[in-house]
Amino acid sequence: MTLVRAIELRLITLPLVRPFRTSFSQETEKECILARVETDDAEGWGECVAGPDPGFSEEFNEGAWFLLRDFLAPALFAASEVRAEDVESVFAFVRGNPMAKATLANAVLDAELRARGVSLAAYLGADKDRVACGVSVGIPPTTEQLLDQVAGYLAEGYRRIKLKIEPGLDVERVAAVREANPHASLSVDANAAYSLDDVTTFRALDGFDLLMVEQPLHHDDLVEHAKLQREIRTDICLDESIRSAADAEAAIELGSCRIVNVKQGRVGGLGEARRIHDTCVTRGVPVWCGGMLETGIGRATNLALAALPGFVLPGDTSASERYFHEDITEPFRMDPDGTMAVPGGPGIGVDPLPDRLAQTTLRTEVLKKE
Ligand code: OSB
Ligand code: MG
């Protein structure tokens, strides 16, 4: 049982090594909320995967901050003694908002596991201590830059390259990357930018032996994804559409996808992420661990999840240096064989570096139990 005495919210910003453009936004810096919870026995950290704008989902940093401060933190204080696995039910009175909920749920779990001396990976049921890494490549201004970036990532050892696409910057770019890299494991991610009218684009992409096409259509349309999947050979993977294990069950049942991207932050935390994993394992659907350009705190959380047995495809669990000149934790490094170590220490197994926190913080607010 854990009694949360105080919660520190912190908004931080770190420059990205290169702009990250998707079909829905362009980011030149990473801006996110970190939560630190204090209990009698330990402290725990959680990172919110929301960004500054509600482009990926309805959630965004200022909204998440408001919700954390005015609804979720007071509910956690009022609950007094909680077990980490009960935090989801403490937050059930708030509809939706999985990213904000995951922030505190993960921080409480981290504190509980640190107090018990158990690693997050062991708690979740990991069966490996290294995971295979892929990399997600934003849309650069030119095809030449894209080819350069892909060549660099392949040379570093990344096992799967995911290309962001959007209407007009798709078939030709993928063709160029495939031509230059005939044997690379390639996928694309549309971030919901297309409609069923674009089926010819996806038929053309069928020609490039892609591992998957991620979230081609609207985030709320499982039926249209099922129609598209019947029209194309390449496996569809869903990201934005999967917000719960029930969504995963529906998507699999309808034939809307054949692969699932699991992001613990997108689905309300590690409890729901594990249930999605379990659903997919039962239904024989491969899963992999997505990412949201997390700092070392969220990265450690994702790596523990990615070590579960059903995660059979490389994750968007890239090295710190792919995102930041300087992370807020000790940097996560990838070996030349394209794998990364899963932290083995208590809880998430890493701590933010105090000077890096000081350098990156825009705002903090401390909330205390009455
Ligand atoms: O759709 O997977 C996505 C980053 C931000 C928002 C959405 C997505 C992404 C990525 C980056 O693709 C994955 C990563 O390296 O963290
Ligand atoms: Mg995606």
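Trainee: What makes the seven strands an open sheet, and how are they ordered?

Mentor: In this predicted model, the seven strands follow the order 7-8-9-10-11-12-13 with parallel pairing. The edges are strand 7 (134–137) and strand 13 (287–289), each of which pairs on one side only.

Trainee: How do you know that strand 12 and strand 13 pair?

Mentor: Two strands count as paired if there are at least two bridges between them. Strand 12 (residues 259–262) and strand 13 have three bridges, in the parallel sense, so the pairing criterion of at least two bridges is met. Within this pair, Val-262 stands opposite Cys-289 of strand 13.

Trainee: Why is the approach of Lys-162 to ligand 1 called a polar contact?

Mentor: A polar contact requires a pair of N or O atoms within 3.5 Å. An N or O atom in the side chain of Lys-162 is 3.0 Å from an oxygen atom of ligand 1, and therefore the pair qualifies.

Trainee: What do the backbones of Met-292 and Leu-293 offer to ligand 1?

Mentor: A backbone N or O atom of Met-292 lies 3.2 Å from an oxygen atom of ligand 1. For Leu-293, a polar backbone atom is 2.8 Å from a ligand oxygen. The protein covers 98% of the 390 Å² of accessible area that ligand 1 has on its own.

Trainee: Which cavity does ligand 1 take up, and which residues surround the ligand?

Mentor: The space taken by ligand 1 is the largest cavity. Around the ligand are 15 residues, with Ser-136, Asn-191, Lys-263, Leu-293 and Tyr-323 the closest. This shell comprises five nonpolar, three polar and seven charged residues.

Terms used
Residues numbered from 1 in each chain as written. Chains lettered and ligands numbered in written order. Predicted model: local features only at pLDDT ≥ 70, side-chain atom pairs only at ≥ 80, totals over all residues. Heavy atoms only, no water. Near = heavy atom within 4 Å. Polar contact = N/O pair within 3.5 Å; in protein donor to acceptor, adjacent residues only side chain to side chain. Areas by Shrake-Rupley, 256 points an atom, 1.4 Å probe, with all protein chains shown as cover. 1 Å grid on protein atoms, 1.4 Å probe; cavity = no way out; pocket = protein on both sides within 12 Å on 5 of 7 lines; lining within 4 Å. Sits in = over half its atoms within 2 Å of the grid points. Nonpolar A, V, L, I, M, F, W, Y, C, P; charged D, E, K, R; others polar. Helix = DSSP H or I, 4+ residues; strand = E, 2+ residues; numbered from the N terminus.
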